[in-house]
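I opened this entry to record what I looked up, item by item. My notes follow the order in which I worked.

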Amino acid sequence: MSVIGPLDVDGFHGAAAAPPIARRNSDGTVHTRIMIISDTHCATLTDGIAGAENTNFALPLPPSTDLLIHCGDLTNEGNTREYHEALDMLALIPAPVKLVIPGNHDLSLDRDWVISHLPSDLQNRQPEMNAAEANARYSDAQRLWTSRYERAQCDGITFLEEGMHSITLRNGAVLNIYASPYTPRFEDWAFAYSANEDRFNSYADTLSDATNISRRPVPLRSEHQVDIMITHGPPMHILDIVKIDDTMQDTPEEPALRTSVGCPHLLRACMRARPLIHCFGHIHEGYGVKHVTWPLDVDEVRSRRVTIQEWSEQTEAWSQRQVEPIGLAQDCGDTKHALFVNLREGNVLHRGKETVMINAAVMNKDLDPVNAPWVLDIDLPVAGEAGLESEG
């Protein structure tokens, strides 16, 4: 299945790129435009028309965006100055509703990380402080992003804690969203869990040799329909491939070895929830979009009591059959700094059967902001109206 329209003469998917005009549909849905970014790491939105080079993260951005989603890593080390730089950037994006989660680099938003690095951080990412000062550092960061009197909320930004959220957009669309900033432990960064720890599933759905640490697991479809999952990291086998040795170069004779670094537990949770959209970042090399067709026996597959290794092997074989790449418009031009995905009309996703996966990392592995935002056009149910698409 292709969910992107044909390219126009400028290298864009023209069917999706036109701003929404006819908003409400006869089936009780409304045409909604969603922009998704991640891993901006204090990047500024440059003026593309002025001739900025080597970046597709630039102004002007597409019009008529109903919702902006940022999937974490707003900063490099999570200090107050960097948060305000991120807020400066977010303020320039034209969207009436903006949803944000932190990532592993947004250190002071993770109280456990702040407290565990007392009295000082060996990498100098946090100044020497006592417990009271550490708690104040965390509280100040939380307040900046969550208090109704502080800058983020005054700028129309909603900071999502881990768990389920119901969001009503100004066009009337209603979204059930699951959010989580947590990723498998990598070096010494924030919001981390060990590879054998499951943060996303209930005890009954945890792999046989994993330790369940979930506080707000992803719900079953039968319990709560999830429209969008926003996580900082990717699920295993989906837009999560990195070089095993970053110094190795690809050659025609011998490509560099690569491995999957996404979370197996998150894949299991996503398979349980089967949202319309799952967006993330974290793995800069994984930038892209893929279309997942869930197998007919998906509930049997995701409930198997197997080990982490067995699950990884089984789902790797599945991903090679069921996860399809979607072509990209590489030329973003001077006036349309985005890549468009059309999920309307003939490209409508079947709930519970298909998911679009998006790695929206703006930065590449060299921390250059070369990747454009993703823009999705989709029809969503309206609050208080019939027309929800059934799973059957």
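I started with strands S17 and S20 in this predicted model. Strand S17 covers residues 288–293 and strand S20 covers residues 354–359; the two run antiparallel and are joined by six bridges. I looked up one bridge by residue: Thr 293 has Glu 354 as its partner in S20.

Next I asked which order the strands take in the open sheet of seven. I read S7-S8-S13-S16-S20-S17-S18, with mixed pairing. The edges are strand S7 (163–168) and strand S18 (323–325). Each of these has a single partner strand, so one side of each has no neighbour in the sheet. Ignoring direction, I noted an average turn of 25° between neighbouring strands of this sheet. Helix H6 (residues 264–273) packs on the sheet and touches S13 (228–231), S16 (277–280) and S20. The direction of H6 makes about 165° with that of S13.

I then went to the open sheet of six strands, whose order is S6-S5-S4-S1-S21-S19. Its pairing is mixed. Here strand S6 (157–159) and strand S19 (339–343) are the edge strands; each pairs with a single strand, so one side of each is left without a neighbour in the sheet. The twist from one strand to the next averages 25°. For a parallel pair I took strand S5 (residues 97–100) and S6, which are joined by three bridges. Lys 98 has Ile 157 as its bridge partner in S6.

Entry on the whole chain. I counted eight helices and 21 strands. Of the 392 residues, 55% are buried. The accessible surface comes to about 16,600 Å², and carbon and sulfur atoms hold 50% of that. I also checked contacts between residues at least 6 apart in sequence: 75% of them join residues at least 24 apart.

Entry on cysteines. How many disulfides does the structure hold? I found zero. I looked at two cysteines for burial. Cys 154 has a relative accessible area of 54%, which is over the 50% cut-off, so I list Cys 154 as exposed. Cys 263 is at 1%, under the 20% cut-off, and therefore goes down as buried.

Entry on aromatic rings. The structure holds six aromatic pairs. I looked at Trp 294 with Trp 318, which are stacked, with 5.6 Å from centre to centre and 10° between the planes. Trp 294 sits in the loop between S17 and helix H7 (298–302), while Trp 318 belongs to helix H8 (residues 308–322). These parts are 24 residues apart in sequence, so the pair ties them together. I checked whether each ring residue is buried or exposed. Trp 294 is buried, at 4% relative accessible area, and Trp 318 is buried as well, at 6%. I also noted a cluster in which ring pairs link Tyr 83, Trp 145 and Phe 159.

Entry on two serines. I located Ser 180 in strand S8 (residues 174–180). The relative accessible area of Ser 180 is 0%, so I list this residue as buried. Leaving out residues up to four places away in sequence, Ser 180 touches Ile 101, Glu 162, Phe 200, Ile 230, Thr 231 and His 232. I also took a C-alpha distance: Ser 180 and Pro 102 are 78 residues apart along the chain and 8.4 Å apart in space.

Ser 38 lies in the loop between strand S1 (29–37) and strand S2 (46–47). Ser 38 is also buried, with a relative accessible area of 0%. With residues up to four places away in sequence left out, the contacts of Ser 38 include His 70, Cys 71, Gly 72 and His 232. Further contacts of Ser 38, among them Phe 280, Gly 281, His 282 and Ala 360, went into the same note. I marked His 232 as a residue that touches both Ser 180 and Ser 38.

Last entry, Ala 132. This residue is in helix H4 (residues 131–146). Is Ala 132 buried or exposed? Its relative accessibility is 56%, so Ala 132 counts as exposed. From Ala 132 to Ile 115 I noted 9.6 Å, C-alpha to C-alpha, for a separation of 17 residues in sequence.

Terms used. Residues are numbered from 1 along each chain as its sequence is written. This is a predicted model: local features need pLDDT of at least 70, side-chain atom pairs count only at pLDDT 80 or more; totals for chains, interfaces and linings use all residues. Side-chain values use heavy atoms; hydrogens and water are left out. Helices (H or I, at least four residues) and strands (E, at least two) are DSSP runs, numbered from the N terminus. Buried means under 20% relative accessible area, exposed over 50%, partly exposed in between (1.4 Å probe, protein chains only). Two strands pair if DSSP finds at least two bridges between them. Axes are lines fitted to C-alpha atoms, for helices over the stretch in contact, and angles run from 0 to 180 degrees between N-to-C directions. Contact means heavy atoms within 4.5 Å. Accessible areas come from the Shrake-Rupley method with a 1.4 Å probe; for residues, only the protein chains shown count as cover. A disulfide is a pair of cysteine sulfur atoms within 2.5 Å. Rings of Phe, Tyr and Trp (its six-membered ring) pair if their centres lie within 6.5 Å; planes under 30 degrees apart count as stacked, over 60 as edge-to-face and the rest as tilted.
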